[in-house]
Amino acid sequence: MTPRALILAALAASALVAGQASAHAKLVASDPAANATVAAPKTVSLTFNEKLAPAFSTFEIARADGVKIPVRTTVSRDRKTVSGAPRDRLAAGAYKVTWRVAAADDGHRMDGIVTFTVK
Ligand SMILES: [Cu+2]
């Protein structure tokens, strides 16, 4: 191989490895479920398809009017679930859970929103 061919081969190989390693943490389940109408939940939890970096993985809960509900989140021992108990009982109404997580494997950060309604 010429030096140029070697470089191209090395680039192709590293791209392949990067492709296999790149896995973004995807939300696979939540409790309450997205768009569900439920009795006031004691805890809210979000489960992802891969391990998270706990220091960068959390969520906030806000009412429809934007007022935040205090919640302290923790990451499960298997590092795939973030959960937290709202400090106060959630009153009837719509809520928005805004999550931000980082994948443990590659550090990629993802975010999203889950909404639910308390009846
Ligand atoms: Cu990734």
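Asp-88 is partly exposed in this predicted model, with a relative accessible area of 42%. Its side chain meets that of Arg-87 in a salt bridge, with N and O 3.5 Å apart. Arg-87 itself counts as exposed, because its relative accessibility is 61% and the cut-off for exposed is over 50%.

That pair belongs to a small set: the count comes to three salt bridges. Here they are side by side, with the N to O distance for each.

| Acidic residue | Basic residue | N to O distance |
|---|---|---|
| Glu-60 | Lys-68 | 3.6 Å |
| Asp-65 | Arg-63 | 2.6 Å |
| Asp-88 | Arg-87 | 3.5 Å |

Let's take the other two pairs in turn. Glu-60 is partly exposed, with a relative accessible area of 33%. Its partner Lys-68 is exposed, at 55%. In the remaining pair, Arg-63 is partly exposed at 35% relative accessibility, whereas Asp-65 counts as exposed at 52%.

Asp-65 deserves a closer look. Where along the chain is Asp-65 found? Asp-65 sits in the loop that runs between β4 (58-63) and β5 (68-69). From there, the Asp-65 side chain makes a polar contact with the side chain of Arg-63 at 2.6 Å, and these two residues are also the ones joined by the salt bridge in the table. A polar atom of the Asp-65 side chain also lies 3.0 Å from the backbone nitrogen of Val-67. If you follow the chain further, Lys-96 is 31 residues away from Asp-65 in sequence, and their C-alpha atoms are separated by 9.9 Å.

Now for the strands. An open sheet is built from four of them, in the order β1-β3-β7-β6, and the pairing is antiparallel. Which strands form the edges of this sheet? They are β1 (27-31) and β6 (71-75), each of which pairs on one side only. On average, neighbouring strands of the sheet are turned by 15° against each other, direction ignored.

Within the sheet, β3 (residues 44-48) and β7 (residues 81-86) are joined over four bridges, running in the antiparallel sense. What stands opposite Leu-46 in β7? The residue there is Val-82, which gives you a handy place to start when tracing this pair of strands on screen.

Terms used: Residues are numbered from 1 along each chain as its sequence is written. This is a predicted model: local features need pLDDT of at least 70, side-chain atom pairs count only at pLDDT 80 or more; totals for chains, interfaces and linings use all residues. Side-chain values use heavy atoms; hydrogens and water are left out. Helices (H or I, at least four residues) and strands (E, at least two) are DSSP runs, numbered from the N terminus. A polar contact is a pair of N or O atoms within 3.5 Å; within protein, one must be able to donate a hydrogen and the other to accept it, and residues adjacent in sequence count only if both atoms are side-chain atoms. A salt bridge is a side-chain nitrogen of Lys or Arg within 4 Å of a carboxyl oxygen of Asp or Glu. Buried means under 20% relative accessible area, exposed over 50%, partly exposed in between (1.4 Å probe, protein chains only). Two strands pair if DSSP finds at least two bridges between them. Axes are lines fitted to C-alpha atoms, for helices over the stretch in contact, and angles run from 0 to 180 degrees between N-to-C directions.
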